[in-house]
Amino acid sequence: MAFDYTRMTATCAIDSPADATTLPPEVYGSDELYADEVDRIFRRGWIPLCRMEQIPTDGSYYSIDILGTPLVVTRDRHSEVRVLSRNCTHRWMELCSGAGEAKVLQCPYHLWSFGLDGHLAGAPEMKQSNGFNRADYGLKQFRHEVWKGFVFVNLDGQATPVAEQLAGLAEQVDPYDFENYQTVEHTEWGECEWDWKIMVDNFMECYHHMGPHRGSLEDEFPAHLSSTGEVGPYFTTMWSAQAPGYPISAPFMAPGADTLSPEHSRKTLIFIAYPLLQVAMGPGYMYWLKVLPLGAGRIEVHLDIAMSPAALAAPEFEERRNQLVKSICDIHREDLDVCAAVQKAINSGVTGVGRLSHLERPLWEFYRYLGRELGLLGTTTLASTG
Ligand code: FES
Ligand SMILES: [Fe+2]
């Protein structure tokens, strides 16, 4: 049965943020809609897999499953990055799991071995197989690009280059020396029983600082001081400004790159590179949510924390790192609780469509993006921003 897009289209077609509504609740957890999202959004888009520092040396590999497809990101002996299938070309066994360093990826079943560039390097006992040519059995390669230290994959191979899609976003993050931020903590939050769009809705507004974060963020980064920033067809940015009187201190707001203006030290930049890369950052740190869709209303969530080059070089790095990890994880827990509660409410059968505050303008932008990608808006172009 096809998904009934009538109410979703009505939300996505709203062309002014002052008129914005929520999506209708039926979009959060529909198998039919999820199938369309896989085809039109996830397979066509750029999905972040890892950071470059997670494949730090020649011979590094990093395994990750996307939409049920087992992938491995590798750095071969010429330092070239690749995204390969993890399925052996003999009888499909998974070649590896986790991350590490290896000269070859050897299948545990019949010991075929593959170079980190994907070529089949060895296949025992195959000499009597007529016409068998190792060159025909390399691992499947997927299109990838590296942008600001993130390795992205595009499963259908047809997307416009990621640097083109995110050109306007690059201008926002470049002053931070963002490309050289280094991951200092990887955290996994397991399988979460809510839709990927609930995670985006939550991530892309600071209105809720006054709710779940009233004891953690609201005093220093009050909801009312947040605003939408630069927007493009494939990204939305948001600023969360620091309340007057707070110090510009480590680990969040300092130290930062010399290229930052004093104003940067008083605000947090939050952005989404559609559909899935969600980042919050300041002069001293950044964290990103890796949301892996598992199905309608089901995701796996990872949260990785990185520090800026200036913060990594500063004294008391360890202490600041620990403080950063604890604060971010505590805040993230507050977010997970509300996401779970919202999905539970939706599952109970609510039907109403709500109104959005001006502080939720990034959600309106997100719904416009969904409308464009799902083909709900005809030939409508990006609405004017500012
Ligand atoms: S399945 Fe990999 S070597 Fe047989
Ligand atoms: Fe939050």
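This is a short talk on an iron site, a helix pair and a loop lysine in one protein model.

Hi everyone, thanks for coming. One thing before we start: what you have in front of you is a predicted model.

Let's begin with the metal. Which atoms hold the iron ion, ligand 2? The donors are NE2 of His-208, NE2 of His-213, and two OD contacts from Asp-335, at 2.0 to 2.5 Å. If you follow those residues along the chain, the spacing reads H-x4-H-x121-D.

Now the geometry. Why is the arrangement around the iron ion called irregular? The 4 donor atoms subtend angles of 56 to 146 degrees, and a tetrahedral label would need every angle to lie between 85 and 135 degrees. For anyone who wants the textbook number, four tetrahedral donors would ideally sit at 109.5 degrees. One caution here: water is not among the atoms, so a site like this may look incomplete.

Are the two histidines buried or exposed? His-208 has a relative accessible area of 12% and is buried. His-213 is buried too, at 1%. The cut-off for calling a residue buried is under 20%.

Staying around the iron, have a look at Asn-202. You'll find Asn-202 in helix H5, and at 9% relative accessibility it is buried. What does Asn-202 touch, once residues up to four places away in sequence are set aside? The partners are His-208, Asp-335, Val-338 and Cys-339. Two of those names should sound familiar, as His-208 and Asp-335 also coordinate the iron ion.

That takes us to helix H5 itself, residues 196–203, and its partner H8, residues 361–373. Their axes come within 9 Å and cross at roughly 145 degrees, and the crossing is right-handed. On the H5 side, Trp-196, Lys-197, Val-200 and Asp-201 make the contact; on the H8 side, it's Leu-363, Phe-366, Tyr-367 and Leu-370. By type, that contact divides into 6 nonpolar residues, 2 charged and no polar ones.

Last stop: Lys-148, in the loop between strand E9 (141–147) and strand E10 (150–154). Is this loop lysine buried or exposed? Lys-148 is buried, with a relative accessible area of 13%. Neighbours within four places aside, Lys-148 is in contact with Arg-51, Ala-170, Val-173, Asp-174, Phe-178 and Glu-179. And for a sense of distance, Lys-148 and Ala-254 are 106 residues apart in sequence and 20 Å apart in space, C-alpha to C-alpha.

That's my tour. Happy to take questions!

Note on methods:
Residues are numbered from 1 along each chain as its sequence is written. Chains are lettered from A and ligands numbered from 1 in the order in which they are written. This is a predicted model: local features need pLDDT of at least 70, side-chain atom pairs count only at pLDDT 80 or more; totals for chains, interfaces and linings use all residues. Side-chain values use heavy atoms; hydrogens and water are left out. Donors are N, O and S atoms within 2.8 Å of the metal (3.2 Å for Na, K and Ca); water is not among the atoms, so sites may look incomplete. Four donors count as tetrahedral if all angles lie between 85 and 135 degrees; four count as square planar and six as octahedral if opposite donors are over 155 degrees apart and all others between 65 and 115; anything else is irregular. Buried means under 20% relative accessible area, exposed over 50%, partly exposed in between (1.4 Å probe, protein chains only). Axes are lines fitted to C-alpha atoms, for helices over the stretch in contact, and angles run from 0 to 180 degrees between N-to-C directions. Helices (H or I, at least four residues) and strands (E, at least two) are DSSP runs, numbered from the N terminus. A crossing is left-handed if the near helix is turned anticlockwise from the far one by less than a right angle, and right-handed if clockwise. Contact means heavy atoms within 4.5 Å. Ala, Val, Leu, Ile, Met, Phe, Trp, Tyr, Cys and Pro count as nonpolar, Asp, Glu, Lys and Arg as charged, and the others, Gly among them, as polar.
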